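Welcome, and please open your viewer. We will go from one selection to the next, with a short note on what is there at each stop.

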Amino acid sequence: MTTPAGDVPPVTAAGPAGAGTADGEGPQYFSHRQILVILFGVMAGMLLAALDQGIVGTALPRIVSELGGLDRLSWVVTAYLLTSTAATPLWGKISDLYGRRLIFQVAIGIFLVGSALSGLSQNMTQLIGFRALQGIGGGGLFAIALSIIGDVIPPRERGRYQGYFGAVFGVSSVAGPLLGGWFTDGPGWRWIFYINLPVGLAALVITSAVLRMPVRRRQHRIDYLGAATIVAAVSCLLLYLDWRGNEFGWTEPVALALLAGFVVLSVLFVAVEVRSAEPIIPMRLFRNPVFSIGNLYGFLAGVAMFGAIIFLPIYLQAVKGLSPTASGLALLPAIVGIFSTSISSGQLISRTGRYKIYPIIGSVVLAFSMFLLSRLAVDTPFWQVAVYEYLFGAGLGFTLQTIVTAIQNAVEFRDMGAATSSATFFRQMGGSIGAAVFGAVLSSRLAHYLAEQFARAGIQPGAGGAAGVDANDVQAIQRLAGPVKNLVLGAFTNALDDVFLVGVPFVVVAFVVSLFLKEVPLRIGPGAPGGPGGPGGPGVPADPTTNGEVAVETFGTKPSGS
């Protein structure tokens, strides 16, 4: 069997010194110093994807003014979301088969090519196409990065490092809008894509130098039919939510055809995966209660999480009149909330080995914060908004990494990539559905409240420059003046309140789901007894497909076995 570039031929069953278990069937854990070095490279790749979520939105008005195509504005975001969500499970499975480092670098490379081409786009069609290419690479960044974390850090010790993950999301949440606004007002919107190039190149250099991980060799094949059906199914659903429903109606013929296509293709995907020798998402994983319950929880939390992340800046900009840069700074309380609870819960998980309580607490805090956000008014003081933001961030900090840790701990090591990418996939699917549903709620409720407010004031809806107020046109709302502006801001706030209120039931259901999450003892190292990955550990048999073969990548630091 040939070995990929960067690997050496398989070694004997004894493996390299300190490589972990003798038979090569388990994860190969590293020392604290080595983990920190590896994390630096992995988080550079994660930062690429995390930054993209916040940096593009602030530049969209300027992009449209230069390239045209206002009617296709949403596709700049949708194209990336569609390809990244659909590709996520495939990346995880490929990394299981060919090794994390190589596939992680391929994902970074595709993301960088898409970024460079997006910056060079001369019209909206080119930008949408290149954003789709960028999304293909972006789908692998989070999934493979989290899989690498699962490879190098024992679940029992993973809580010690949760603060680093929170730092990536915290920095990107603030830096995204700040950089987007600064580049748009300064050197130009194209630099929101060019900035990815030095960060991505640094990630490639670091991962090449330090990410030396054992790669297990086994016969494999790519499930091309499964990949095609899941991509087609997700595409149909997102096209239904982001295109036909909002623009043409939820029940018109093409919309219903897309919805039916999603259902049929999903059933076909399950049938293909059941029969596949190397399924992208092994259906047997759903018999694992931690995997199934954890992904259901992640899906529901993703609906509320992504919805609030998108619409909080809209409130700050449209109602409070903040600039994109200032609204990024105004989100700092949420970032502090993520930091504080992510770090503290991670430390407690490491000390106690118990994780079930944190998704429960997180869903309660999230539901309470979403309810408070649904009480916002035009004149709500910022200190009060900041408290609500902090609680929202705190709820996320309790849940984001905890669910991933629980899922990684409960599956066989050979399924680490597939299980991790599945967790990312279901959370992104929840976010995609949440963004579409909340966007529809905002549009419909804004129209309702505008008509109601103008009728109550005896003003014609088209008077005073208020005709055709668009929920996505923040600048147009800010340019309004006098009584009309007050009416529009009141209607806009009421509509946003309804958006946040719609998110509450999803988090309440997530709370109920979290009560059924099974707590499996966390592994403390390779082959450690008492955990599902160790000898005699509950629920996770040994992987019969490895045959004791281990290959070690040639660059960087050897595992120390500590």
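**Stop one: helices 14 and 15**

Select helix 14 (residues 357-373) and then helix 15: their axes come within 8 Å and cross at roughly 150°. That makes helix 14 roughly antiparallel to helix 15, a label used for angles over 145 degrees. Helices here are DSSP runs (H or I, at least four residues), numbered from the N terminus. The axes are lines fitted to C-alpha atoms over the stretch in contact, with angles running from 0 to 180 degrees between N-to-C directions.

Before going on, note that this is a predicted model, where local features need pLDDT of at least 70, side-chain atom pairs count only at pLDDT 80 or more, and totals for chains, interfaces and linings use all residues. Residues are numbered from 1 along each chain as its sequence is written, and side-chain values use heavy atoms, leaving out hydrogens and water.

Helix 14 passes helix 15 in a left-handed crossing (the near helix is turned anticlockwise from the far one by less than a right angle). Now show side chains: among the residues of helix 14 that meet helix 15 are Tyr358, Leu366 and Phe368, and the helix 15 residues they face include Tyr388, Phe392 and Phe398. Contact means heavy atoms within 4.5 Å. The residues of this contact divide into 16 nonpolar, six polar and no charged. Ala, Val, Leu, Ile, Met, Phe, Trp, Tyr, Cys and Pro count as nonpolar, Asp, Glu, Lys and Arg as charged, and the others, Gly among them, as polar.

**Stop two: helix 4 and its partners**

Next, select helix 4 (residues 100-119) with helix 5 (residues 124-152), which pack at about 155° with their axes 7 Å apart. The two are therefore roughly antiparallel to each other, and their crossing is left-handed. Their contact holds 16 nonpolar, eight polar and three charged residues.

Keep helix 4 and add helix 8 (residues 196-210): these axes come within 10 Å and cross at roughly 165°. That makes helix 4 roughly antiparallel to helix 8, again in a left-handed crossing. Look for Arg101, Phe104 and Phe111, among the helix 4 residues that meet helix 8, and for Asn196, Leu201 and Thr207, among those on the helix 8 side. Here the contact has nine nonpolar, six polar and one charged residue.

**Stop three: a cavity**

What is the volume of the second largest cavity? It is about 120 Å³. A cavity is a set of points on a 1 Å grid over the protein atoms alone where a 1.4 Å probe fits but cannot get out, and lining residues have an atom within 4 Å of a point. Select Gly298, Thr399, Leu400, Ile403 and Arg427, the closest to its centre of the 15 lining residues. Helix 11 gives the largest share of the lining, eight residues.

Definitions and conventions
1 Å grid on protein atoms, 1.4 Å probe; cavity = no way out; pocket = protein on both sides within 12 Å on 5 of 7 lines; lining within 4 Å. Points joined across faces, edges and corners; volume = space filled by probe spheres on them. Parallel < 35°, antiparallel > 145°, perpendicular 65-115°, else oblique.
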